[in-house]
Amino acid sequence: MTGRVRILGIDPGSRVTGYGVVDSDGRSSRHVASGCIRAESGEFTHRLKQIFDGISAVVAEYEPGEIAIEEVFVHRSVSSALKLGQARGAALAAALARSLPVAEYSPTQVKRSITGHGHADKVQIQHMVKLLVGLHTDLAADQADALAIAICHAHHRASPVPTPAAATLAGARRRRRRAGP
């Protein structure tokens, strides 16, 4: 796939959801915006609404053409994974409300795409993301992770070898063209 596209990367979390927006042609990516949506403490359903509203606002402001999000993984406990899955669902619902194509990547895929190996630590990810998008300021971990997810997607969509995410996006684009504006 060629051409420049605006990609929104999302690093979902039940308390902090990172987002990163890049413009990319697959060979180089330019930072557009990034930040964190911090859900206030309180009822979990209220935090899900804050995530939904925050991602909706980011999508409205930056108008990405594609979305990339990290897959859920069970790290600490099943309860944590369930909450993370619900936070991810709130972020996805906000993106899908605009009928945007979505690609999903595992943490290992993202790390491999950014650093060359799948077991990089947070500091390595932050450093490489800053280099790849030309930033000179510090990034919060969730913010860097979201940008890494967006960059990972840019690399995969430009790859000559079809990936499951690229095939899913190609099908979504075809359906969108058929449906019209």
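Helices (runs of H or I with at least four residues) and strands (runs of E with at least two residues) are assigned here as DSSP runs and numbered from the N terminus. With that in hand, Gly116, which comes after helix H3, can be placed, and its phi is positive, near 95°. The structure is a predicted model, in which local features need pLDDT of at least 70 and side-chain atom pairs count only at pLDDT 80 or more, while totals for chains, interfaces and linings use all residues. Residues are numbered from 1 along each chain as its sequence is written, and side-chain values use heavy atoms, with hydrogens and water left out.

The protein chain holds six helices and five strands, and, read along the sequence, these elements follow the pattern β-β-β-α-β-α-β-α-α-α-α. Of its 181 residues, 49% count as buried, where buried means under 20% relative accessible area, exposed means over 50%, and partly exposed lies in between, as found with a 1.4 Å probe on protein chains only. Contact means heavy atoms within 4.5 Å, and among the contacts between residues at least 6 apart in sequence, 60% join residues at least 24 apart.

We can now turn to the sheet. Strands of a sheet pair through backbone hydrogen bonds, either parallel or antiparallel, and two strands are said to pair here if DSSP finds at least two bridges between them. The five strands form an open sheet with mixed pairing, in the order E3-E2-E1-E4-E5. Its edge strands are E3 (29-38) and E5, each of which pairs on one side only. On average, and with direction ignored, neighbouring strands of this sheet are turned by 20° against each other, an angle taken between axes that are lines fitted to C-alpha atoms (for helices over the stretch in contact), on a scale from 0 to 180 degrees between N-to-C directions.

Strand E1, which spans residues 5-11, is mostly covered, since six of its seven residues are buried. On one side E1 pairs with strand E2 (residues 16-24) in the antiparallel sense over seven bridges, and these two strands form a hairpin with four residues between them. Two of the bridge partners can be followed by eye: Leu8 is matched with Val21 in E2, and Ile10 is matched with Tyr19 in E2. E1 also runs parallel to strand E4 (residues 66-70), to which four bridges join it, and here Gly9 stands opposite Ala68.

Helix H3 (residues 107-115) has Pro107, Val110, Ser113 and Ile114 as buried residues. They lie on the same side of H3 because they cover an arc of only 135° around the axis, the arc being that of the directions from the helix axis to the C-beta atoms. Among the elements that cover these buried residues are E4, strand E5 (102-105), helix H4 (122-133) and helix H5 (141-158).

Two single residues show how helices meet other parts of the chain. Met128 has its place in helix H4 and counts as partly exposed because its relative accessibility is 24%. Leaving aside neighbours within four places in sequence, Met128 is in contact with Ile114 and Thr115, and the C-alpha atoms of Met128 and Thr115, 13 residues apart along the chain, are separated by 6.7 Å. Arg88, by contrast, has its place in helix H2 and is buried, with a relative accessible area of 11%. With neighbours within four places again left aside, Arg88 is in contact with Pro12, Ile69, Glu70, Glu71, Val72 and Glu104.

The loops hold two further residues to look at. Glu63 lies in the loop between helix H1 (44-62) and E4, where it has a positive phi of about 45° although it is not a glycine, and Glu63 is exposed, with a relative accessible area of 59%. Ser99, in the loop between H2 and E5, is likewise a residue other than glycine with a positive phi, near 55°.

Finally, there is the largest pocket, which has a volume of about 810 Å³. A pocket is an open set of points on a 1 Å grid over the protein atoms alone, with protein on both sides within 12 Å along at least five of seven lines, and its lining residues have an atom within 4 Å of a point. Of the 29 residues that line this pocket, the closest to its centre are Glu70, Phe73, Arg76, Leu84 and Lys122. H2 (78-96), H3, H4 and H5 each supply at least two residues of the lining, and H2 gives the most, with five residues.

Definitions and conventions
On a 1 Å grid over the protein atoms alone, a cavity is a set of points where a 1.4 Å probe fits but cannot get out, and a pocket is an open set with protein on both sides within 12 Å along at least five of seven lines; lining residues have an atom within 4 Å of a point. Grid points are joined across faces, edges and corners, and a volume is the space filled by probe spheres set on the points.
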